[in-house]
Amino acid sequence: MARGRGRHDRDGGPFARDGRLARLRRDPFAVQTVRSTAAATLSYVVALRLSSEPVPLTAPLTALLVVQVTLYSTLTTSLRRVNAVVVGVLIAIAFSVVVGLSWWSLALVILASLLVGRIVRVEEFVPEVAISAMLVLGVTQVSDTAWDRVLETLIGAVVGMLFNLFLAPPVWVDTAGDSIEDLARRMRLLLLDVADEFTGSPPVARAAARLHEARRLDNDVADVDGALRTAEDSLRLNPRVKEGLLHRVVLRTGLDTLEICAVVLRVLARTLTDLAKHRDGDQLLPERAALALRETAQYTADALVSFAVLVTARGSDDAEAAETRLAGDLRAARACRDAAADRLLALALADPGRWQLYGALLAEVDRVLDELDPEHRGRRLMEELDRHVRESHDRRRRLTLRDRWGPRRTARADV
């Protein structure tokens, strides 16, 4: 049931080279490196013609900071950086008129720049406010250098934004989708390993090792979350994407579901460890109950991958096929779960001391199946879409009220 990927071609073959080239094109770091280098070089060439500075390095420096992986982050970074530089230059000009450069005036410039940077909300560019102010204050011709620095910053920011507008950055949805599918496959392998333990008598150390593997899923979820954030940013303000909100919500809710399942898998591994401690080297479960529970876990593991394929499907045909596979996996898992429940109930009646562990096994499987259920996912999608629509409507309403009442308050103040 696992959807494995094809093996790599042998080293040195043309297909292997094409595969490596395709992976580089899909690697955010590789794409970012090429784009930043090109934008920085272009901004330096433009600044050489427009700025009076012999070496206008501020322009390529700004371009390096402005050209991000996505168009949305490029625009927001450009605005914040230009704002930071202009504010720093204005502070330096103000101080140069009143005082010269000394140790105490430098301290005041740095303090004022950092405070004002927080006020104007330039976020990560707060140090840039102080850097700009110090560089401008430390030269003889303050006014000329100040405006040259502003000009170079604007050149770098404009080149960076135009670079992304005319050469739109990639949409990283496929990369995020691959990360989600890889996470689901790792979860599937872990659940299959746990399922195999039900039919044996694993030592406590081996059961504890499964628990540690389940806990490491948190790191995998964090990595996928980072890839998904990049994909979400790449969908914002991108002219090549028509349904960016829907793509973002589908991927985000899919990852949220897998994250919940990862937590449940960790609890299931803990239950397995506790059961191994109680059995103390004996077989965990009788053969028929163990087989029923193992089959339940195996079908549930397959359902995890089917769910991930459904979430990341790009076309309606792929989504329909993935949904059919998911429905089949869930149906088989629930049938095996009911059979396992009958076996475990008989065990609990015969051995009341461990009824809570038997019940926990079923409850944890039920939670995973419920999270993967298409109806549950449909409700979650509608809730998230409604929430985004409400938030967008509230923002527009606040802007409308501000525009409507702002002039009136100004007129009253004038009276």
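**Figure 1. Surroundings of S36 in the predicted model.** Leaving aside neighbours within four places in sequence, S36 is in contact with L64 and V67. This serine belongs to helix α2, which covers residues 28–50. S36 is classed as buried because its relative accessible area is 8%, and buried means under 20%. Along the chain, S36 and G160 are 124 residues apart, yet 8.4 Å separates their C-alpha atoms. The model shown here and in the following views is predicted.

**Figure 2. The whole protein chain, as a setting for the close-up views.** The protein chain holds 15 helices and zero strands. It has 415 residues, of which 43% count as buried. Among the contacts with a separation of 6 or more, 79% are made by residues 24 or more positions apart.

**Figure 3. The largest nonpolar core.** This core has 66 residues. L183, M187, F198, L258, L285, L304 and L372 are the residues with the most contacts inside it. Helices that each supply at least two of its residues are α8 (173–198), α9 (204–215), α10 (217–235), α11 (244–279), α12 (287–312), α13 (316–350) and α14 (355–372). Another core, of seven residues, lies apart from this one; A84, I91, V122 and V126 are among its members. As general background, nonpolar side chains in soluble globular proteins tend to be buried together.

**Figure 4. L183 and L258 within the largest core.** L258 is found in helix α11. The residue counts as buried because its relative accessibility is 0%. Not counting neighbours within four places in sequence, L258 is in contact with I180, L183, A184, M187, L304 and F307. L183 in turn touches L217, D220, V221, V224, L255 and L258, with residues up to four places away in sequence not counted. From C-alpha to C-alpha, L258 and L183 are 8.2 Å apart in space, while 75 residues apart in sequence.

**Figure 5. S113 in helix α5.** S113 lies in α5, a helix made up of residues 103–119. Is this serine buried or exposed? S113 counts as buried, because its relative accessibility is 0%. Beyond the residues up to four places away in sequence, S113 touches I91, V129, A130 and A133. The C-alpha atoms of S113 and I91 are 7.1 Å apart, with the two positions 22 residues apart in sequence numbering. I91 is also one of the seven residues of the core that lies apart from the largest one.

**Figure 6. Helix α12 and its residue E287.** Helix α12 has 26 residues and spans 38 Å from its first C-alpha to its last. That span is close to the 38 Å expected at 1.5 Å a residue. The helix is mostly covered, with 19 of its 26 residues buried. E287 is found in α12, but this residue counts as exposed because its relative accessibility is 56%. E287 and T199 are 88 residues apart along the chain, and their C-alpha atoms are separated by 6.6 Å.

**Figure 7. The largest cavity and its lining.** The count comes to one cavity of 30 Å³ or more. The largest cavity has a volume of about 40 Å³. Which residues line the largest cavity? The lining is formed by L191, V264, L265, L268, A297, T300, E364, V365 and V368. By class, seven of the lining residues are nonpolar, one is polar and one is charged. Helices α11, α12 and α14 each supply at least two residues of this lining. These helices also each supply at least two residues of the largest nonpolar core. In general terms, empty space is found by rolling a probe the size of a water molecule over the atoms.

Definitions and conventions. Residues are numbered from 1 along each chain as its sequence is written. This is a predicted model: local features need pLDDT of at least 70, side-chain atom pairs count only at pLDDT 80 or more; totals for chains, interfaces and linings use all residues. Side-chain values use heavy atoms; hydrogens and water are left out. A nonpolar core is a set of buried Ala, Val, Leu, Ile, Met, Phe, Trp, Tyr and Cys residues joined through side-chain atoms within 4.5 Å. Buried means under 20% relative accessible area, exposed over 50%, partly exposed in between (1.4 Å probe, protein chains only). Helices (H or I, at least four residues) and strands (E, at least two) are DSSP runs, numbered from the N terminus. Contact means heavy atoms within 4.5 Å. The expected span of a helix is 1.5 Å times one less than its number of residues. On a 1 Å grid over the protein atoms alone, a cavity is a set of points where a 1.4 Å probe fits but cannot get out, and a pocket is an open set with protein on both sides within 12 Å along at least five of seven lines; lining residues have an atom within 4 Å of a point. Grid points are joined across faces, edges and corners, and a volume is the space filled by probe spheres set on the points. Ala, Val, Leu, Ile, Met, Phe, Trp, Tyr, Cys and Pro count as nonpolar, Asp, Glu, Lys and Arg as charged, and the others, Gly among them, as polar.
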